[in-house]
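Please open the model in your viewer and keep the sequence panel beside it, since this tour moves from one selection to the next. At each stop, make the selection first and then read what is there.

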Amino acid sequence: GEDDFLSVIVSNLGGGKTDGVIRQRLALTAEIAPDGSVVDTLRLTRAHHGVPGETFSGVTNNSYLRFYVPAGSQLVSAEGFGLPEWATFGPVEPDLGNDDTLAAVEGVHETDALTGVESWAELGKTVFAHWQVLKPGEERTVVLRYRLPARIMPDAGAWRLYVQQQAGRRLDTVEAQVLVPSAWQVRERFPAAAGSEPTSFAATLDTDAFFGLTFTQANP
């Protein structure tokens, strides 16, 4: 029943054992318009701390990034992605075909002509996906903007974000900020944090994270 959802799944393909030396930071800004519509801007920053030349961790990381967001979300824009050198993976065997089970789970893929971002429906979510290539010592950021399907209204709804960590990853961090219309004010916040900015959140993703706000109309 959450209004917003995020899970980032990184698949390292042909990138050695580099996952253990890559740190990830998620920063999400949810901008609520006066009519209650919401546009999320997600920034994923990944830093490769491998030493060039190390046998397993000092090589280029080629990752297919999947972003699971609320079903019905619409892509607005994307930047910072890049395709790997396909020769890294070797030739495609001529007898390979689509896997029927995977096709049944993911359905039909669509590719945005402007950004190259793939999208499909899976497990009750919309998935956006693209590649990132990261060499040892590099830090790169990808940015996704997408419009949520639901609207939020003061006194009748809430902003709720559930962030699901990728199994096996540790030390990733997430920050979230909510931009609220000037005619609204925050009524309640979860988790409570006395004395802090009420519309900003932060957590380490050693487990899933949940953030929430309720609103009321500001006094005239």
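In the hairpin of E7 and E8, which residue takes a positive phi? Select the two residues between these strands, and you will find that Leu123 is the one, with a phi near 55°. The names used here follow DSSP: helices (H or I, at least four residues) and strands (E, at least two) are DSSP runs, numbered from the N terminus.

Before going on, please note that this is a predicted model, in which local features need pLDDT of at least 70 and side-chain atom pairs count only at pLDDT 80 or more, while totals for chains, interfaces and linings use all residues. Residues are numbered from 1 along each chain as its sequence is written, and side-chain values use heavy atoms, with hydrogens and water left out.

**The whole chain**

Show the whole protein chain, which has one helix and 14 strands, and turn it until you can see the box of roughly 65 × 40 × 30 Å that its C-alpha atoms fill along the principal axes. Of the 220 residues, 42% are buried, where buried means under 20% relative accessible area, exposed means over 50%, and partly exposed lies in between (1.4 Å probe, protein chains only). If you colour the surface by atom type, carbon and sulfur atoms account for 52% of an accessible surface of about 11800 Å², an area that comes from the Shrake-Rupley method with a 1.4 Å probe, where for residues only the protein chains shown count as cover. Among contacts (heavy atoms within 4.5 Å) between residues at least 6 apart in sequence, 75% join residues at least 24 apart.

**The open sheet**

Next, select the eight strands that form an open sheet in the order E6-E7-E8-E4-E1-E10-E14-E12, with mixed pairing. The edge strands are E6 (110-111) and E12 (184-190), each of which pairs on one side only. Here two strands pair if DSSP finds at least two bridges between them. As a general point, strands of a sheet pair through backbone hydrogen bonds, either parallel or antiparallel.

**Strand E8 and its two partners**

Select strand E8 (residues 125-134), where nine of the 10 residues are buried. On one side, add strand E7 (residues 118-122), which runs antiparallel to E8 and is joined to it by five bridges; Glu118 stands opposite Ala129 in E8. On the other side, add strand E4 (residues 61-70), also antiparallel to E8 and joined to it by 10 bridges, with Asn62 opposite Val133.

Is Lys125, which is found in strand E8, buried or exposed? Lys125 is buried, because its relative accessible area is 18%. Draw a distance from its C-alpha to that of Val69, and the two atoms lie 5.8 Å apart although the residues are 56 apart in sequence.

**A stop in the loop**

Now move to the loop between E6 and E7 and select Val117, which counts as buried because its relative accessibility is 2%. Its C-alpha atom is separated by 7.5 Å from that of Ala78, which is 39 residues away along the chain. Leaving aside neighbours within four places in sequence, the residues in contact with Val117 include Leu75, Phe81, Phe128, His130 and Leu144.

**Strand E1**

Return to the sheet and select strand E1 (residues 4-12), where eight of the nine residues are buried, so the strand is largely enclosed by the rest of the structure. E1 pairs with E4 in the antiparallel sense over six bridges, and Ser7 stands opposite Tyr68 in E4. With E10, by contrast, E1 runs parallel, and three bridges join the two strands; here Asp4 stands opposite Leu161.

**Strands E10 and E14**

Continue to strand E10 (residues 158-163), which six bridges join to E14 in the antiparallel sense, and find Tyr162, whose bridge partner in E14 is Phe210.

For the last stop, select Thr216 in strand E14 (residues 209-217), a residue that is buried because its relative accessible area is 18%. Which side chain does the side chain of Thr216 join through a polar contact? The partner is Asp155, at 2.8 Å; a polar contact is a pair of N or O atoms within 3.5 Å, and within protein one must be able to donate a hydrogen and the other to accept it, while residues adjacent in sequence count only if both atoms are side-chain atoms. Leaving aside neighbours within four places in sequence, Thr216 is also in contact with residues including Pro154, Ala183, Trp184 and Gln185.
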